[in-house]
Amino acid sequence: PYVRPEFREPGARVSASNIEEALNNNQYIVLDQGSVQQLRADMPGLTGDLVKQGDRLTDFARRANERFHAEIVIVGATTVINGGRDRAGQETRRALMSYRAIDASTGRLLSSGAVESAAMASDPLVAQQRASTRVSQIAAERLIPQLTRAARDRASRGELYATVEPEDVVV
């Protein structure tokens, strides 16, 4: 079975791919991974899971705004759980993702959620790939409308920008 190379490396960022793709398809600008790594390097003691870091996440979002003019910071964490083999010998995996979208200029929470997905395959890595990919698709399907609503609400209050066009939003 074919397994994308990034699934062979522990800690790979595979579950973010569909969210990034959805943001790009909706004309949001996504910071490159190098810029994100620069921000992380500037904050000693920052752990890999920003979703659970509250005040540190707000500080991270504000720094993204100051350094890269980001308007929204999205962080997520995915956990893949081994479900074992079913009676037919198929490997099962469940992927759980929690995410948060933060207004980078104010630190206000714009959107958050938790989603899950399951997958089966004869190979454990393929099952993991399928579960991670699907959970990212589900998160993207929920996140884009939530961000659009948040941008419209923000515009209706006259905050930061007058018109809401997706290409004006920097993530």
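User: How far apart are the end C-alpha atoms of helix α3 (residues 55-68), and what should its 14 residues span?

Analyst: The ends sit 20 Å apart, which agrees with the 20 Å expected at 1.5 Å a residue; that expected span is 1.5 Å times one less than the number of residues. Helices (H or I, at least four residues) and strands (E, at least two) are DSSP runs numbered from the N terminus. This is a predicted model, where local features need pLDDT of at least 70, side-chain atom pairs count only at pLDDT 80 or more, and totals for chains, interfaces and linings use all residues. Residues are numbered from 1 along each chain as its sequence is written, and side-chain values use heavy atoms, leaving out hydrogens and water.

User: Which residues of α3 are buried?

Analyst: L57, T58, F60, A61 and A64. Buried means under 20% relative accessible area, exposed over 50%, partly exposed in between (1.4 Å probe, protein chains only).

User: Why do they line one face of the helix?

Analyst: Seen down the axis, they fall within an arc of 160°, so they line one face. The arc is taken from the directions from the helix axis to the C-beta atoms. On the face turned away are the exposed D55 and E66.

User: What do the buried ones pack against?

Analyst: α2 (33-41), β1 and β2, with contact meaning heavy atoms within 4.5 Å.

User: What comes after α3?

Analyst: H69, with a positive phi near 60°.

User: Switching to β1: is I72 buried or exposed?

Analyst: I72, in strand β1 (residues 72-85), is buried at 5% relative accessible area. Its C-alpha is 9.2 Å from that of G107, 35 residues away in sequence.
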